[in-house]
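Hi,

Here is the structure I said I would pass on. Have a look at it first, and my notes follow below.

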Amino acid sequence: MKTGIWIDKHNAHIIFPNKKNEIDIKTINSEVEDFNICGGSGTKFKGGPQDVVHDSKYLMREKQQLKNYFNKITSHLEKSKVIVIFGPAEAGKKLQKILLEKQQNLGYQIKGPIKADSMTLNQMKQWVINYFKK
C-alpha cells in the first residue's frame, strides 16, 4: 500500500490512495504544547531577584509529546509498503528518523521528507496522487 504523510508539529494527515484514486485520510492531532518561555524580573528594581526558567524541563516534555505523536502515526502504517513524507516543518525529519528505526520490523520504503507549503486536504490528496503517478 502506498501512503503519504503530510506533517507539521500540530497535526498529521495520513493519506492512503487506492488504485481507483480514491483516498482515505486519517488525521492525527499532536497534542504538543507550544511552549512560550519568557523570563522576567521578580521586581522592578535593577539587580532584583530573577525568575528562573527551566528550559530543559519544557524541552523534555515536548520531546515526550513528540514521541507519543509519532507513535500514534506509526500505528497506522502496518499495511504501508511505500511512504512519502511531506510538509512545511522539521517534524518530517524527526518522523523519518523514527520510521527508519522501525523500518526493519515493518519493511516499508521511505521517501522524503519533501518540503511543501501548508495545503488544504484536497491539495494534499492531489499531491499524493500526483507523487505516486511518477
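**What I found**

Going along the sequence, the pattern is β-β-β-α-β-α-β-α. That comes to three helices and five strands for the protein. Keep in mind that this is a predicted model.

A few overall numbers to start with. The protein has 134 residues, and 33% of them count as buried. About 8800 Å² is exposed, with carbon and sulfur atoms supplying 49% of that area. If you take the contacts with a separation of 6 or more, 63% of them are between residues 24 or more positions apart.

The part I spent time on is helix α3, residues 121-133. Its 13 residues should span 18 Å at 1.5 Å a residue, and the end C-alpha atoms are 19 Å apart, so the two values agree.

Which residues of α3 are buried? They are M124, V128, I129, Y131 and F132. These cover an arc of only 165 degrees around the axis, which means they sit on the same side of α3. The general background is that an α-helix has 3.6 residues a turn, so residues three or four places apart point the same way. On the other side of α3, you will find N122 and K133 exposed.

And what covers the buried residues of α3? The cover includes β1 (2-7), β2 (11-17) and β3 (23-29), along with β4 (82-87) and β5 (109-115).

If you open the model, I'd begin with α3 and its buried residues, M124 and F132 among them, and then turn to the strands that help cover them.

Cheers

Technical notes. Residues numbered from 1 in each chain as written. Predicted model: local features only at pLDDT ≥ 70, side-chain atom pairs only at ≥ 80, totals over all residues. Heavy atoms only, no water. Helix = DSSP H or I, 4+ residues; strand = E, 2+ residues; numbered from the N terminus. Buried < 20%, exposed > 50% of the residue type's maximum accessible area, 1.4 Å probe, protein only. Contact = heavy atoms within 4.5 Å. Areas by Shrake-Rupley, 256 points an atom, 1.4 Å probe, with all protein chains shown as cover. Expected span 1.5 Å × (residues − 1). Arc of directions from axis to C-beta.
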